[in-house]
Amino acid sequence: MNALQILALNEVRVRLRRLSTLAALLAVVALCWIAIADPADGITMMVIDKKRVLYTSQALAFGSAHVAGMLLGLAGFYLLRGRVADDLQSGMGAVIGATGASNGLLVLGRWLGGVAYLMLFVLAYLGSTLALHALRGEGPIQLLVYLQTYALMLLPIISYAAGCAVLFDNIGPLVGKRGDLLFFFLWCMQFGALIGVVESPDSVWPMFFDFSGLSVAVNSLREHFETTDFSLGRSAFDPAGPTMVIPAALWTIKAWGIRAATLAMSLLLLAPAALFFHRYSPDRVRPRSARGNRLLALADRMLRPVAIVVRPLPGLAMRVPGFAGEVLAEVALVLSMSPSVALALAAGTVAATVAESGVLPGVMTGAVAVWGVVVCGIVPRDWQNGADAMTGALPGGVVRRYLRQWSASLVLGLPLLIVALRWSADAPVRAVAALAGVLALASAASLLGGLTRGSRLFLALFLFTWYIALNSPKEAALDMVGFNGAASTGSVAAWMLAGCLAWAAGFAHSRRRA
Amino acid sequence: MLELRNVSKTFRDLKAVDDVSLKLGSGVVGLVGHNGAGKTTLMQLVATLSRPTAGSILFDGKDIVRNPDAMRRRLGFLPQEFGVYPNLTALECMQYFAALKGVRDPARIRHLLELVNLSEHARRPAASFSGGMRRRLGIAQALLNDPDILIVDEPTAGLDPEERLRFRRLLSELGFGKLVIVSTHIVPDVESIAGRLAIMRKGRLLALETPDAILQRARGQVWQASVDAAEYDALRSRFHVLQAQRQGAQVQLRVAHPGLPVAGAQAVEPTLEEALMAQRYALSEPVAEAA
């Protein structure tokens, strides 16, 4: 094997043996089964012009490739991210930086390994789709159709996610959470291309910048069916109504050309990644423990009034007896480490308390996003800062730490709980949905943080679900904290059950580690 | 082989390395100094991880600040914090670094794993290794490209005495034909293996000397005495006490001082650590001279 192959193989190996890979694979398979609904239940994956699209190879390939692209385009980035942080933390970064390996080789190896790793998810997704085709399909399995569609739709987005992961890891200021958030915004922004194509049918340029391929797909469907009334995901349909079939030869030369150009553009990311690679120079990038100080100092300066308010909290926690004091200490630690979180918590609490009831869904939508980003870092924090053994040796050990950190997540969700309280009088189901969602998300964050010793898997799944939920306002199951007002008793029970299972799994995991 | 010319490195207000110049050939060089003396920063500069704020670093006459690859191809580096990827075996770790260093020969990996006594553990996850085994794996990766310069930072931190001895012997043997720079603040680590000591304090290079020269200068400055416990308290503030051991009502002292510190004190043969202390080399702040 040559150096490039070994580097790429190493990238795959390092990630493949992580527990987060297994969790993500299970999530991918679960998503596939949820997305390709059984039409016998009155729900289908794809509707065009109010007509159900029959589950042929092209339809299933089309729909599943897009759902997989949405997920892997976002979660793939977070799964690939963090290699530089790992290298810095372990000290390997200095060794790698001091080798003669060129920037180009390192960048290419990491990108190639990232693409190969994400291709494993594509294979898992394809396998699940084929299994569902065998169960629910309405036509023969045409493997070539699947492969064509998957290549057309998924290669550019996977290449883009891997390219961004390498680029963001290689530029010092983007190594941490700032890079994570920036990518999420970039991921959301590409859907602007879809709007551009829908509103201006003749415009081609936006499609080049749409790595997800949605705009190309919508354009192809429009050319065939002369409509822009599409629905992808889980949609109800009239079983007695007409159906339609997507032709096997859906993709035109133009579509292939655009996707090839988009793929080529994703490769351009590797040039700045190699050019600006920090090579682990301590002048440009530092381990997490050392990196935080400057940002914290800057935030402290900017948020001095907030920091003053937060300062008495650790002292107060010392005086509060028992478990409550420990939880308060945990909350105090989160707020002291990041005064901006304290500011967000204060602003969220005020907004949740005084906002008009009509604005509360908006408050909830924003507050849950911020809260999710904050709480995903609580459980892995000790491990990432080398304090895992110390806090694990405190009275109550690892199990008590799990309970303490999970409880702190709930306390930090104060704005969400206030909104739930205000909903409880007029919309009790919505209020319970909010409570169930907060419990489930806090438990999932604790579980995944403990299993993977990182925050990114939860962050990826959470942000993906949040974004999809925002765009599916009528889907009860996706109304995670009641912000869409679509939650039903059944969906609330499902979230509650999922939360209980996640909590129990997290608890069992902490007991096993104890 | 390696030459530093007026090298400085500044982090904002802090001068971590201050106008250091030295020339080094093959052999083991001990880089010693107190915590924060600038040892790690100096090693990072030589390892091309960091660029000096001023000055130049030449390796075989080539400026490695401008052309870092000239150094990297011939460098082996083991940083103080050498962790391992939690999911890779020792063999896979070595294969990874071999790829990075352009080493194509699998026999080289086997040879090095044997050299550091890890061949039996090659297929074990490196994360399950003890601290000593990880350090040995670290030195094996550093030697993959048969480097001309080997830089090791605090190589024995956290090792048990047996591992420490083994490590010292290995470094000593490597120094027969290469330049081995060993940074440490544990003087006994380099006492028996270093041909020369580069001594740093507050970013400056104070001396580059053989251990014998340092010992020779300290002779007659290290004293041993036995004093009352009450007397010891008074002496402690006046003299640079290197060692104190209570024995009943008496305290057995070793003191660094240019002249006879107390009546009855006897001049003794200093250890290298005491010699450095006597010459204020190992202190971050010079001790006030005795009244």
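This report walks through a predicted model of two chains, A and B, from their shared contact down to single residues.

**Where the chains meet**

Let us start at the place where the two chains touch. On the chain A side, 24 residues are in contact with 27 residues of chain B. Three helices of chain A each supply at least two residues of that side: α1 (3-16), α4 (83-90) and α5 (92-97). The largest share, 6 residues, comes from α1(A). Sorted by class, the chain A residues that touch chain B are 12 nonpolar, 8 polar and 4 charged.

**A sheet in chain A**

Chain A also holds an open sheet of 4 strands, with the order β3-β1-β2-β4 and mixed pairing. Which strands sit at the edges of this sheet? They are β3 (230-236) and β4 (243-244) of chain A, each of which pairs on one side only. The partner of β4(A) is strand β2 (residues 51-53) of chain A; the two run parallel and are joined by 2 bridges. If you would like to find this pairing on screen, look for A:R52, whose bridge partner in β4(A) is A:T243.

**Chain B as a whole**

Turning to chain B, you will find 10 helices and 14 strands. The C-alpha atoms of this chain fill a box of roughly 70 × 45 × 35 Å along the principal axes. Of its 291 residues, 45% count as buried. Contacts that span a long stretch of sequence can be counted too: among chain B contacts between residues at least 6 apart in sequence, 67% join residues at least 24 apart.

**Two domains in chain B**

Chain B is divided into domain 1 (2-215) and domain 2 (219-278). Taken over C-alpha atoms, the centres of these two domains of chain B are separated by 35 Å. How many residues does each domain give to the contact between them? Domain 1 of chain B gives 8 residues and domain 2 of chain B gives 6 residues. On the domain 1 side, α7 (188-191) and α8 (211-218) of chain B are the elements that give two or more residues. The largest share of that side, 3 residues, comes from α8(B). By class, the domain 1 side has 7 nonpolar, no polar and 1 charged residues.

**Strand pairs in chain B**

Strand β1 (residues 2-11) of chain B is a handy place to look at pairing, and the table lists its links to β2(B) and β4(B).

| Strand pair | Bridges | Direction |
|---|---|---|
| β1 (residues 2-11) and β2 (residues 14-24) of chain B | 7 bridges | antiparallel |
| β1(B) and β4 (residues 54-59) of chain B | 5 bridges | antiparallel |

β1(B) and β2(B) form a hairpin with 2 residues between them. In the turn, B:R12 has a positive phi of about 50°. Beside this turn you can pick out B:F11, which stands opposite B:L14 in β2(B). For the pairing with β4(B), a useful marker is B:L4, whose bridge partner there is B:I57.

**A closer look at B:I186**

One last stop is B:I186, placed in the loop between β8 (179-184) and α7 of chain B. Why does B:I186 count as partly exposed? The reason is its 15 C-beta neighbours inside 10 Å, because a residue is buried at 20 or more and exposed at 12 or fewer. B:I186 and B:T156 are 30 residues apart in sequence, and their C-alpha atoms are 8.7 Å apart in space.

Technical notes:
Residues are numbered from 1 along each chain as its sequence is written. Chains are lettered from A and ligands numbered from 1 in the order in which they are written. This is a predicted model: local features need pLDDT of at least 70, side-chain atom pairs count only at pLDDT 80 or more; totals for chains, interfaces and linings use all residues. Two residues are in contact if their C-beta atoms, placed from the backbone, lie within 7 Å. Ala, Val, Leu, Ile, Met, Phe, Trp, Tyr, Cys and Pro count as nonpolar, Asp, Glu, Lys and Arg as charged, and the others, Gly among them, as polar. Domain bounds come from an automatic or database domain assignment. Two strands pair if DSSP finds at least two bridges between them.
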